[in-house]
Amino acid sequence: MGFSAYTNKKGVRAGAAVVASAVAVAATVWGVSALVEPGSAGAAFRQNVAQPNATDNSGHGPEGRPGAQQGIPEGIAHSSESGGNAVNITIDDGPDPRWTPQVLDVLHKYDVKATFCMVGPHAKAHPDLVKKVVAAGHRLCDHTMDHDTAMDKKPVDYQERQILDAKRLIEEAAGGGAKVEYYRAPGGAFTPDSRRIAAANGMRPLGWNVDTKDFQKPGTGAIVDAVKREIGNGPTVLFHDGGGNRAQTVEALDRVLAWLGDQGRPTGFPVRTAPDTP
């Protein structure tokens with residue numbers, strides 16, 4: 001797909017620049033630790049916990065340039081298109097035939113739009129659910145083929161296949177010309193290469209600010225409390241509709257959306273073409 005340039009000398013120099021920049025801002029870099037959900041369906045559902053960081057919040061890639069397609073920046077997005085005190089609801093690891101319809105029902109109840117970060121084979125297996133997500137006005141996000149939380153340690157061609165094959169399957173399942181508008185690395189395992197590949201193919205790299213840890217099934221109250229406690233970190237909240245029993249997530253999402261309404265907090269979509277703000 002024309003990404004051989006990543007291995008030339010220019011790519012090496014760009015990679016070195018990224019490392020130097022990372023050292024300069026080490027005090028603000030997010031930590032990532034691996035967690036495995038008990039009883040999850042194998043390693044494909046490993047979910048890392050990412051904490052708020054300042055990785056490339058400029059909205060540009062490691063060389064300070066925007067993505068090649070549609071002016072999509074390579075920087076990891078956290079902000080909301082709606083600005084102000086708007087909140088972005090994001091839903092990962094589906095679609096799932098049991099839990100995705102329930103999540104959609106809760107979102108409809110509060111007239112809230114969300115971003116669904118889908119795993120490619122799941123989208124292929126459940127095209128009816130992908131179509132329902134699109135028909136309800138939600139947005140699509142590429143969450144790779146295999147949910148490999150170690151893909152940042154893999155070769156560039158592997159990352160490219162994981163991203164672009166999933167994008168193709170999700171868009172084929174959606175039909176009607178629907179587009180995948182974001183890319184979220186499993187467990188936050190972004191690399192300069194994966195961000196560049198995503199942006200060049202019209203997908204904004206998408207991070208999160210609030211990790212509800214709902215995949216651990218800590219209890220509905222704990223999930224809700226995590227949102228209330230961490231919402232000051234930024235607007236993008238991480239939930240899951242796949243990877244296991246999501247009953248707690250469905251109930252917690254209902255309570256969180258009711259609370260946001262009481263707080264007068266609107267919801268929106270993550271930024272795509274504008275540079276992100278810290």
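**Exercise 1. Find the strand that holds Thr-236, then work out which polar partners its side chain has.**

Step 1. Thr-236 sits in strand S9, residues 236–240. Strands and helices here are DSSP runs, numbered from the N terminus, with at least two residues (E) for a strand and at least four (H or I) for a helix.

Step 2. A quick word on what you're looking at: this is a predicted model, where local features need pLDDT of at least 70 and side-chain atom pairs count only at pLDDT 80 or more, while totals for chains, interfaces and linings use all residues. Residues are numbered from 1 along each chain as its sequence is written, and side-chain values use heavy atoms, leaving out hydrogens and water.

Step 3. Is Thr-236 buried or exposed? With a relative accessible area of 0%, Thr-236 is buried (buried is under 20%, exposed over 50%, partly exposed in between, using a 1.4 Å probe and protein chains only).

Step 4. Now the polar partners. A polar atom of the Thr-236 side chain lies 2.6 Å from the backbone oxygen of His-78. The side chains of Thr-236 and Asn-88 share a polar contact of 2.9 Å (a pair of N or O atoms within 3.5 Å; within protein, one must be able to donate a hydrogen and the other to accept it, and residues adjacent in sequence count only if both atoms are side-chain atoms).

**Exercise 2. Describe the surroundings of strand S4, residues 115–118.**

Step 1. Check the two faces. In a regular strand, side chains alternate between the two faces of the sheet. In S4, Thr-115 and Cys-117 are buried on one side, and Phe-116 and Met-118 are buried on the other.

Step 2. Look for pairing (DSSP must find at least two bridges between the strands). S4 pairs in the parallel sense with S3, residues 87–92, over 3 bridges, and Thr-90 stands opposite Thr-115. S4 also pairs in the parallel sense with S5, residues 139–142, over 4 bridges, and there Cys-117 faces Cys-141.

Step 3. Trace the connection. S3, helix H2 (residues 99–109) and S4 form a right-handed β-α-β unit: with the strands pointing away from the viewer, the path from the first strand over the helix to the second runs clockwise.

**Exercise 3. Classify the aromatic pair in this structure.**

Step 1. The structure has 1 such pair (rings of Phe, Tyr and Trp, taking the six-membered ring of Trp, with centres within 6.5 Å; planes under 30 degrees apart are stacked, over 60 edge-to-face, the rest tilted).

Step 2. The ring centres of Tyr-183 and Phe-190 are 5.7 Å apart and their planes are at 85°, so this pair is edge-to-face.
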